[in-house]
Amino acid sequence: MAPASTSAGASPTASPTTTSLDHYWMPFTANRYFKTHPKLVTKAEGSYVTFADGRKAFDCLSGLWCSPLGHAHPKLVETVKRQAETVDFCAPFQIANPWAHQLAGKIAGMAPAGMNRVFFTNSGSEAVDTALKIAMAYHRLRGEAGRTRFIGRERGYHGVGFGGISVGGLGPNRKMFSPLTLPGVDHLPHTHNLKEMAFTRGQPTWGAHLADELERIVALHDASNIAAVIVEPFAGSTGILVPPVGYLQRLREICTKHGILLIFDEVISGFGRLGSNFGAQHYGVTPDLMTFAKQVTNGVIPMGGVIAKQEIYDTFMTGPEHAIEFSHGYTYSGHPMAAAVGLTVLDLMQQDGLIQRAAEMAPVIEDAFHSLKGEPGILDIRNAGLSAAVELEPIAGKPGLRALNLFEAAIDEGQLFRAAGDTLAVAPPYLVSKDEIGRMVDTIRKLVRKC
Ligand SMILES: Cc1ncc(COP(=O)(O)O)c(C=O)c1O
């Protein structure tokens, strides 16, 4: 059968009213619902997006935790154009482009001391799978080939590769693939407990002891079989779960004691979301490997990567000099367009003091969101750096519907929230104003009273 006409879909200036919605199988989307409630973004500028039906909304989650500089930043537009005219693509294996090398240096300069080798991928999922492979190969190269097990955490999100869903802890993402997830993976318990920590501002004081579960897992399998532990410094996708005070430190201590690598998945926390370069610096814990993606290019061109301790990199640098040391990589690793955009993004973050700005706005968002305590149907309010979440009481028997209703109604009010389950999350661009934060909160207040 001949493919159906794509109607006007080929051109970005095509009329949204004639764009067929039939063919695109959308990711992590209720496809049938979307087609009856379409929301097509046709313009994104600064901190606002405009939909095809003319509604304009504040981009409360910076795209999907991606765009801390807002949209259509003139310097990024200029970089994309210039780079497309200079080197739009070059092969990544055995040759390279200078922008990727410069960006790696820049990232190393922002990472904790000693974490200074950068492997590029195109997404967070690929970054996670790459980090797992580096961990396993590292132990093997050191003569500990038995260290193959990984430890993730319940409610963790590490993307959608087979490695990522294996160490991830979200049931819906795993259940269809359960027989094929990586063997030899255990999960730490998640750290969220409404009874002990509901409405905590920032880090809860309860829960550091949950890191000791790692000792139990080590005792069960023996450390000689365990390659790495992977956690998000704060869990974003599952509704902003903030690490208890001392929890990450305890994980670090136990990993170090047993020679297990600690991987921080910094896909959301990297590049300033917490008001520090990385979650590692924010929480004062240095892992052995860190993943990143999203904010490094402001979401303009896809890019991800892994930052490794130099000692890990050096372990690979053995054998004949002409031989490939790590048989892994992607056609688009270190893509020159992404690398050039990344360089401009990180320059702008530095020149304009944007990470400092995120740090300054963190208490503003904390105060504003916690003012919602006591409103109807709010079970919890959480915040980490320049991000916050409101957990709503679900509609009986219909999990997720309450947040979806609110999400829909909020667009009419000019706010584009992120609904994850029954949690609404925000992580605005770093230049968000007090008024804009106030408007987000006013909208939630108004809608929880009636939705
Ligand atoms: C912590 C974390 N890791 C990995 C990923 C996957 O990234 P991507 O969607 O770019 O593959 C995400 C995405 O939100 C994430 O939050």
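Here's a quick tour of a sheet, one of its strands and a ligand site. Keep in mind that this is a predicted model. The centrepiece is an open sheet of seven strands with mixed pairing. We'll start with the whole sheet, zoom in on strand E8 and leucine 261, and finish at the ligand.

**The sheet as a whole**

- If you walk across the sheet, you meet the strands in the order E4-E10-E9-E8-E7-E5-E6.
- The edges are strand E4 (115-121) and strand E6 (185-188), and each of these pairs on one side only.
- From one strand to the next, the twist averages 20 degrees.
- As background, strands of a sheet pair through backbone hydrogen bonds, either parallel or antiparallel.

**The antiparallel side: E4, E10 and E9**

- E4 and E10 run antiparallel and are joined by six bridges.
- One pair to look for here is phenylalanine 119, whose bridge partner in E10 is valine 306.
- E10 also runs antiparallel to E9, this time with four bridges.
- In that pairing, leucine 289 has alanine 308 of E10 as its bridge partner.
- E10 is largely enclosed by the rest of the structure, because six of its six residues are buried.

**The parallel pairings: E9, E8, E7 and E5**

- Strand E9 (residues 289-292) runs parallel to E8, and three bridges join them.
- Look for phenylalanine 264 standing opposite methionine 290 in E9.
- On to strand E7 (residues 226-231): four bridges link this strand to E8, and the two run parallel.
- Isoleucine 230 has isoleucine 263 in E8 as its bridge partner.
- To get from E7 to E8, the chain passes through helix H10 (residues 247-258), making a right-handed β-α-β crossover.
- E7 also has three bridges to strand E5 (residues 149-153), again running parallel.
- There, phenylalanine 150 stands opposite alanine 228 in E7.
- Helix H5 packs on the sheet and touches E4, E5, E7, E8, E9 and strand E10 (304-309).
- The direction of H5 makes about 30 degrees with that of E10.

**Strand E8 up close**

- How many residues of strand E8 (residues 261-265) are buried? Five of its five are, so the strand counts as mostly covered.
- In a regular strand, side chains alternate between the two faces of the sheet.
- You can follow the two directions in E8: Leu261, Ile263 and Asp265 point one way, while Leu262 and Phe264 point the other.
- Both groups are buried.

**Leucine 261**

- This residue lies in strand E8.
- Why does leucine 261 count as buried? Because it has 26 C-beta neighbours inside 10 Å, and the cut-off for buried is 20 or more.
- Leaving out residues up to four places away in sequence, leucine 261 touches Ala135, Tyr138, Ala227, Ala228, Cys255, Asp288 and Leu289.
- Leucine 261 and proline 287 are 26 residues apart in sequence, but their C-alpha atoms are 7.6 Å apart in space.

**Around the ligand**

- Which residues come nearest to the ligand? Of the 15 around it, they are Ser123, Gly124, Ser125, Gly159 and Val267.
- Helix H5 (residues 124-141) gives the most to this shell, with three residues.
- By type, the shell splits into five nonpolar, eight polar and two charged residues.

Terms used:
Residues are numbered from 1 along each chain as its sequence is written. This is a predicted model: local features need pLDDT of at least 70, side-chain atom pairs count only at pLDDT 80 or more; totals for chains, interfaces and linings use all residues. A residue is near a molecule or strand if its C-beta atom, placed from the backbone, lies within 6 Å of it. Ala, Val, Leu, Ile, Met, Phe, Trp, Tyr, Cys and Pro count as nonpolar, Asp, Glu, Lys and Arg as charged, and the others, Gly among them, as polar. A residue is buried if 20 or more other C-beta atoms lie within 10 Å of its own, exposed if 12 or fewer, and partly exposed in between; C-beta atoms are placed from the backbone. Two strands pair if DSSP finds at least two bridges between them. A crossover is right-handed if, with the strands pointing away from the viewer, the path from the first strand over the helix to the second runs clockwise. Two residues are in contact if their C-beta atoms, placed from the backbone, lie within 7 Å. Axes are lines fitted to C-alpha atoms, for helices over the stretch in contact, and angles run from 0 to 180 degrees between N-to-C directions.
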